[in-house]
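Let's take a walk through a protein model and look at who sits beside whom. Keep the 3D view open as you read.

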Amino acid sequence: MTDFLPFALPDIGEDEITEVVDSLRSGWLTTGPKTKRFEEDFAAFIGDGVEAIAVNSATAGLHLALEALGIGAGDEVITTPHTFTATAEVIRYLGAHPVFVDIDQNTLNIDSLRIESAITPRTKAIIPVHFAGLACDMDPIMAIAKKYGLKIVEDAAHSLPTTYHGKLVGTLETDATVYSFYVTKTIATGEGGMIVIRNADIAKRCRVMRLHGINRDVFNRYTTTKPSWHYEVVAPGFKYNMTDVAASLGIHQLKKARAFQKRRTEMAAYYDEAFSDLPVTLPPKAPEYDLHAWHLYIVRLKPEVSISRDRFIELMAERGIGCSVHFIPLHLHPYWRDTYNLKPQDFPNALAVYERAVSLPLYTKMTEKDQVRVVVAVREIVLGGGS
């Protein structure tokens, strides 16, 4: 179908293309000066004296952060089942165990009121997920962490530039924040991520483990006056470094982050108005004083809509419009279900949201005509009973 409207597309301009070409011509394809520049730009964007560490995915970033914070075999880390599997799988990488806490149906984020009852003597950390671009209720989460001596690693894969109580996510009193630059995210490098940390020792550990446990950065090894061949492996690290090609995209995508967020907010408001009279639950909004990144725009079909969510998506596809579902709760997947003996009703809120939720196209390359097309299709399907 030549006029198919995809669920998401990156918004790449000539600045990004020129920067990538410059990297290709320079000979620096792996971690080098562009990666260093992207890290410096990102740290300045977040502010508050943070360090930024570029990695090849948010998954890698979450893994490095937990490892650097000392999470290990037998530990427990509290998170939500309403997330992509990466949030939990990095816990298992370290031999630790995720402990799932249900979401608040109003915000779609982890229910902070349920966290304390999930804490055991083995609990070492909490990973709140700022779902769809809306910040979690962080004050009670940070208070619980302080009370029990727990670490907090924020999964901010959806959340640039989200704010909480007027502060940019990444500047809160937590131990690490991890962003994603996957192709569908609010800024995109194709694959990539960034860890934001204040503690210099934790940041140093992440940098060392990012590239095979080598105690010298690869860029420094090739630009220093010291012998370039000499390095020391101080730990069994990983291969998580970002390439300069990816960083070249990130440098210019970051410059557009504010404009992208503004456009996404306008698009979300258009959808809100267009769907206000339909039997659907609209996405939760941020308080007036805060920014919602609007990575996703998710509606939930109310019971009076006669068709299933799956049939709704099929009918949208028949009209040439791509949709998605965020997410299939982790406790429904065979690995998590069977490993931890989980049942569908163990997390009723996450289950209820999943069964009726659909993510509609929302990305900055969409035109007004594209949005009108989505609105017309949604209204036809919902009001027409699937016809």
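Which side chain does Glu16 meet in a salt bridge? The partner is Lys256, with 2.9 Å from N to O. Before we go further, keep in mind that this is a predicted model.

**Salt bridges**

Side chains of opposite charge can pair when their charged atoms come close. This structure holds 23 salt bridges, and the Glu16–Lys256 pair is a nice one to start with. Glu16 belongs to helix α1, while Lys256 is in the loop between α9 (244–255) and α10 (257–275), so the pair links distant parts of the chain, 240 residues apart. How buried or exposed are the two partners? Glu16 has 0% relative accessibility and counts as buried. Lys256 reaches 22%, so it counts as partly exposed, because buried means under 20%.

Two other salt bridges have one end in helix α7 (residues 200–210). In one of them, the side chains of Arg210 and Glu39 meet. That pair links helix α7 to helix α2 (residues 33–46), across 171 residues of sequence. Both Arg210 and Glu39 are buried.

The other joins the side chains of Arg205 and Glu67. Arg205 lies in helix α7 and Glu67 in helix α3 (residues 58–68), so this salt bridge ties together parts that are 138 residues apart in sequence. Here the two ends are a mix: Arg205 is partly exposed at 31% relative accessible area, whereas Glu67, at 15%, counts as buried. Elsewhere, salt bridges with shared partners join Glu19, Asp22, Lys34 and Arg37 into one network.

Here are the three pairs again:

| Salt bridge | N to O distance | Apart in sequence |
|---|---|---|
| Glu16 and Lys256 | 2.9 Å | 240 residues |
| Arg210 and Glu39 | 2.8 Å | 171 residues |
| Arg205 and Glu67 | 2.6 Å | 138 residues |

**Back to Glu39**

Glu39, in helix α2, has a relative accessible area of 10%, so it is buried. Besides the salt bridge with Arg210, the side chain of Glu39 has a polar contact of 3.5 Å with that of Arg207. Leaving aside neighbours within four places in sequence, the residues in contact with Glu39 are Ala52, Ile53, Ala54, Met194, Arg207 and Arg210.

**A threonine in a loop**

Now find Thr364, in the loop between β12 and α14 (368–384). Which side chain shares a polar contact of 2.8 Å with Thr364? That would be Asp11. Thr364 counts as buried, at 15% relative accessibility. Apart from neighbours within four places in sequence, Thr364 is in contact with Asp11, Phe260, Arg263, Arg264 and Met267.

**A covered strand**

What about strand β12 (residues 357–360) itself? Both of its faces are covered: Ala357 and Ser359 on one side are buried, and so are Val358 and Leu360 on the other. Strand β12 pairs with strand β11 (residues 297–301) in the antiparallel sense, over 4 bridges. One of the residues to look for is Ile298, whose bridge partner in β12 is Ser359.

**A nonpolar patch outside**

Let's finish at the surface. Ile12, Ile17 and Val21 form a nonpolar patch there, and together they have about 190 Å² of accessible area. Ile17 is in helix α1 (residues 14–26), and its relative accessible area of 39% makes it partly exposed. Helix α1 is also home to Glu16, the buried residue we started with.

Definitions and conventions
Residues are numbered from 1 along each chain as its sequence is written. This is a predicted model: local features need pLDDT of at least 70, side-chain atom pairs count only at pLDDT 80 or more; totals for chains, interfaces and linings use all residues. Side-chain values use heavy atoms; hydrogens and water are left out. Buried means under 20% relative accessible area, exposed over 50%, partly exposed in between (1.4 Å probe, protein chains only). Two strands pair if DSSP finds at least two bridges between them. Patches are made of residues with over 30% relative accessible area and no salt bridge: like charges are joined within 9 Å, nonpolar side chains (Val, Leu, Ile, Met, Phe, Trp, Tyr) within 5 Å. Accessible areas come from the Shrake-Rupley method with a 1.4 Å probe; for residues, only the protein chains shown count as cover. A salt bridge is a side-chain nitrogen of Lys or Arg within 4 Å of a carboxyl oxygen of Asp or Glu. A polar contact is a pair of N or O atoms within 3.5 Å; within protein, one must be able to donate a hydrogen and the other to accept it, and residues adjacent in sequence count only if both atoms are side-chain atoms. Contact means heavy atoms within 4.5 Å.
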